[in-house]
Amino acid sequence: MDKNFQEQFTGIIKFTPPLYKQRYQFIKDLVGKYKPKKVADLGCADCTLLWMLKFCNCIEVLAGLDICASVMKEKMHRLSPLPGDYLQPAERSLTVTLHHGSVAHKDPCMLGFDLVTCIELIEHLEQSELKKFPEVVFGFMAPSVVVISTPNSEFNPLLPGVTLFRHPDHKFEWNRAQFQSWALEAARRYDYSVEFTGVGHPLTGMEKVGFCTQIGVFIRKYPQTTESAQSEKPTEAVYKTVFKAVYPSLKDEKYLQNAVVSEVIFTAQIIKQSLLDRLMSEHEEYNDDPTERKSKFQPSMNCFSEDLGKPLVEKSMEPFVNGNVVYIPLTTILSFPKVNRLCGTFEKLRKLIAGKVTLSSDGSAVMFDTEHENEEN
């Protein structure tokens, strides 16, 4: 929450990268370690951390909560899908939701998260809110991992211009002993372990003051049972949802079908063109030497682009021309890595492209009319 203020004093005490980026990178590294599917950021403010986390492939649900709706609304557009997300949907699903409310209140929308982050949040809480905070986060939400960062007041004398607190909205700033005492008590009460670390190294010779930002990483000792979670569940919501975005995903059959059809047409067109080029080459060689008789055309897959890969080709999978129609067996198309990854089985491939691509009467091959090809050429 102190990003702008932090930048005011980094001209004299320079953190590289800036301190707020170090905090966010710490979270990203933690995501890389634990691979959470559902992440909630409490006190998300301008949504910068959520924006960074949306690119983590393991995450399928992101939620932000803040007491100030106007700050979220100012930047929440960054969390919306871009045109490219629709052109090339990701394999994973992703839903991003922002809520307006207080961390001192319980809401069922905050249940079921694997990781909860509270970055520079607790020092903004009133005493009454801070008292309720552990029960809400550790007792009610009970995620597998909780990360809490807060200013280390022992570092403040090194920060020019800081007299009492680093930010005018801070209600307190703890030294390391105070933070660790609070964190250890919360961990003990709700069956978590906690490790302490931080970001923002002090100047050489001043190491005894510790990190500029102190961090506690809480790990739940025992899995939460479904029964215990449900027994705590409130009967009604108290947060107001201010934003929700559902990203296009290949888990949605509509987007999967579009991707498969596009890839099938692309792959089939390349196979068709290779076949016609080879037939034309053989025709020209035949005319040059009428006494020579060529063997039946055997298509080679090695001339295809590396993007498609090199499938194993059997005789039953060979494309062929019958009259003015090129037939490209679906088994050939399915053998290409990208198509196979999208579909997996012959039956699923045929189902997804049915009605979208012209197939042979038995549904075993994609058909192209060579007359259109000749007209184009």
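The exchange below concerns a predicted model and the grounds for several terms applied to it.

Reader: Why is Cys47 not counted as part of a disulfide?

Author: The closest cysteine sulfur to that of Cys47 belongs to Cys44 and lies 4.6 Å away, whereas a disulfide requires two cysteine sulfur atoms within 2.5 Å, so the pair is too far apart for a bond. The structure as a whole holds zero disulfides.

Reader: What makes Cys47 and Cys343 buried or exposed?

Author: The term buried is kept for a relative accessible area under 20%; Cys47 has a relative accessibility of 0% and Cys343 a relative accessible area of 7%, and therefore both count as buried.

Reader: How do you know that the length of helix H2 is close to what is expected?

Author: Helix H2, residues 19–34, has 16 residues, and its first and last C-alpha atoms are 23 Å apart, which is set against an expected 22 Å at 1.5 Å a residue. Among its buried residues are Tyr20, Tyr24, Ile27 and Val31, and just after H2, Lys35 takes a positive phi of about 50 degrees.

Reader: Which helix gives the largest share of the lining of the second largest pocket, and what classes of residue make up that lining?

Author: The largest share comes from H9, with six residues, in a lining of 15 residues, of which Leu87, Gln88, Pro89, Ala259 and Lys338 lie nearest the centre of the pocket. By class, the lining has eight nonpolar, three polar and four charged residues, and the pocket has a volume of about 340 Å³.

Note on methods
Residues numbered from 1 in each chain as written. Predicted model: local features only at pLDDT ≥ 70, side-chain atom pairs only at ≥ 80, totals over all residues. Heavy atoms only, no water. Helix = DSSP H or I, 4+ residues; strand = E, 2+ residues; numbered from the N terminus. Expected span 1.5 Å × (residues − 1). Buried < 20%, exposed > 50% of the residue type's maximum accessible area, 1.4 Å probe, protein only. 1 Å grid on protein atoms, 1.4 Å probe; cavity = no way out; pocket = protein on both sides within 12 Å on 5 of 7 lines; lining within 4 Å. Points joined across faces, edges and corners; volume = space filled by probe spheres on them. Nonpolar A, V, L, I, M, F, W, Y, C, P; charged D, E, K, R; others polar.
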